[in-house]
Amino acid sequence: MSTISSLNKADKDFCLSSYIAFRYIWKDGTDFYPGFRHSNYKALSMAERTGVKTAADIDREIQKQVDALYARYEQIGILLSGGMDSANLAAYLKPGSHAYTFTSETGVFNADAERARTYCRKFGLRHHLIEITFEDYKRYTPIVMSRKWAPVHSIEPQIYKAALLAKQDGVECILVGESADLIFGGMDKLIAPEWTFDAFAERYTFLEPSLVLSAPVAQDELFERYRIDGNRIDHMRFMDEVFAIESSSSYLNAFGAAELPYYDPYARLVMSEPLDMERVRNGEPKYLVRELYAMKYPELEIPFKIPMPRPVDAIFRDWKGPVRREFRQDIPMERLTGNQKWQLWCAEQFLEIFSAS
């Protein structure tokens, strides 16, 4: 995924601010240090995707994709949460396939694990619970950062650990349902409102660089690419392009570091008709995926959206914050979420490891 190059521009302050704001370096050709070269995910073009109008269309096309995978691989596994996206994919696997669900002594994964267990019983899958601890973060984060040449999303060490265990079980390819939110209208809190430019920029910034960095670099340039009609923003295109890169790059990097192929059937699809925003706004995000879930699990209630959990709130609850000079020493740590604290911790780990390289 990433290669060393001497042709890139080194700008540590920009890259640090970009990671803090967006969880990835959005500007290609700009890196933390000379000789580093990050590489971001490139989404499939619309011409490479198959249009779908109904849940039955999705069902048919995913079945085709999985059949093609089984022509290549004998053992296919799945990252299985308690939500709809991966639950639907579980229905296409052969009995005896391996399914991996994250767990933690913090209890953050309890609901996920119970629902995933139900899915595995229904389709005869071998269910594995993978406990995630702070020791895992400390052990695996440097590995996935080394491949990315940048700090990483908190999901990446988890995925890397799951991939290693799957390889031990003989799994040759892992299914994930990561793209369903983006393609089928699952990001309802971000896509449903009629945003002003400033409001969306504030909402989408994961952590404001000026709040935590000693030399913050404004990240307005990325948002400005999507400004329309004065103080409005093309937030749907922003999500299709910016969010897609940030999210999918995490999976690409983590599985790549473990040298295990992964496959996202949803990423090969596109809605043939415009997203029905009225349905999304009225409590039906991902309505086609919901209908597919009802087809596969008619005996179960359709779950609310369950993002893949991470135990960062508990792990970083008492963390005092970074001490390197790149960070402010008056950061209001009590105001930050676990995910925001993770970003600071991960960024400091990256600087500690690579600043002398």
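Buried means under 20% relative accessible area. The model is predicted.

**Exercise 1.** Find how many of the residues of helix H1 (residues 12-22) are buried, and what follows the helix.

*Solution.* Apply the cut-off to each residue. In H1, 10 of the 11 residues are buried. They are Lys12, Phe14, Cys15, Leu16, Ser17, Ser18, Tyr19, Ile20, Ala21 and Phe22. H1 is thus mostly covered. Next, step past the end of the helix. Arg23 follows H1, with a positive phi near 70 degrees.

**Exercise 2.** Compare the expected span of helix H6 (residues 155-168) with the distance between its end C-alpha atoms, then describe its burial.

*Solution.* Start with the span. H6 has 14 residues, and at 1.5 Å a residue they should span 20 Å. The expected span uses one less than the number of residues. The end C-alpha atoms of H6 are 20 Å apart, so the two values agree. Now turn to burial. H6 is mostly covered, with 10 of its 14 residues buried. Among them are Glu156, Gln158, Tyr160 and Lys161. After H6 comes Gly170, whose phi is positive, near 85 degrees.

**Exercise 3.** Describe how helix H5 (residues 134-148) packs on helix H16 (residues 338-354).

*Solution.* Take the geometry. The axes of H5 and H16 lie 11 Å apart, at an angle of about 55 degrees. Angles of 65 to 115 degrees count as roughly perpendicular and those under 35 as roughly parallel. H5 and H16 are therefore oblique to each other. Their crossing is right-handed. Now list the contact. H5 brings Phe134, Tyr137, Lys138, Thr141, Pro142, Met145 and Ser146. H16 brings Trp342, Trp345, Cys346, Gln349, Phe350, Ile353 and Phe354. Sorted by class, this contact holds 10 nonpolar, three polar and one charged residues.

How values were computed
Residues numbered from 1 in each chain as written. Predicted model: local features only at pLDDT ≥ 70, side-chain atom pairs only at ≥ 80, totals over all residues. Heavy atoms only, no water. Axes fitted to C-alpha atoms, helices over the stretch in contact; angles between N-to-C directions. Helix = DSSP H or I, 4+ residues; strand = E, 2+ residues; numbered from the N terminus. Parallel < 35°, antiparallel > 145°, perpendicular 65-115°, else oblique. Left-handed = near helix turned anticlockwise from the far one by under 90°. Contact = heavy atoms within 4.5 Å. Nonpolar A, V, L, I, M, F, W, Y, C, P; charged D, E, K, R; others polar. Buried < 20%, exposed > 50% of the residue type's maximum accessible area, 1.4 Å probe, protein only.
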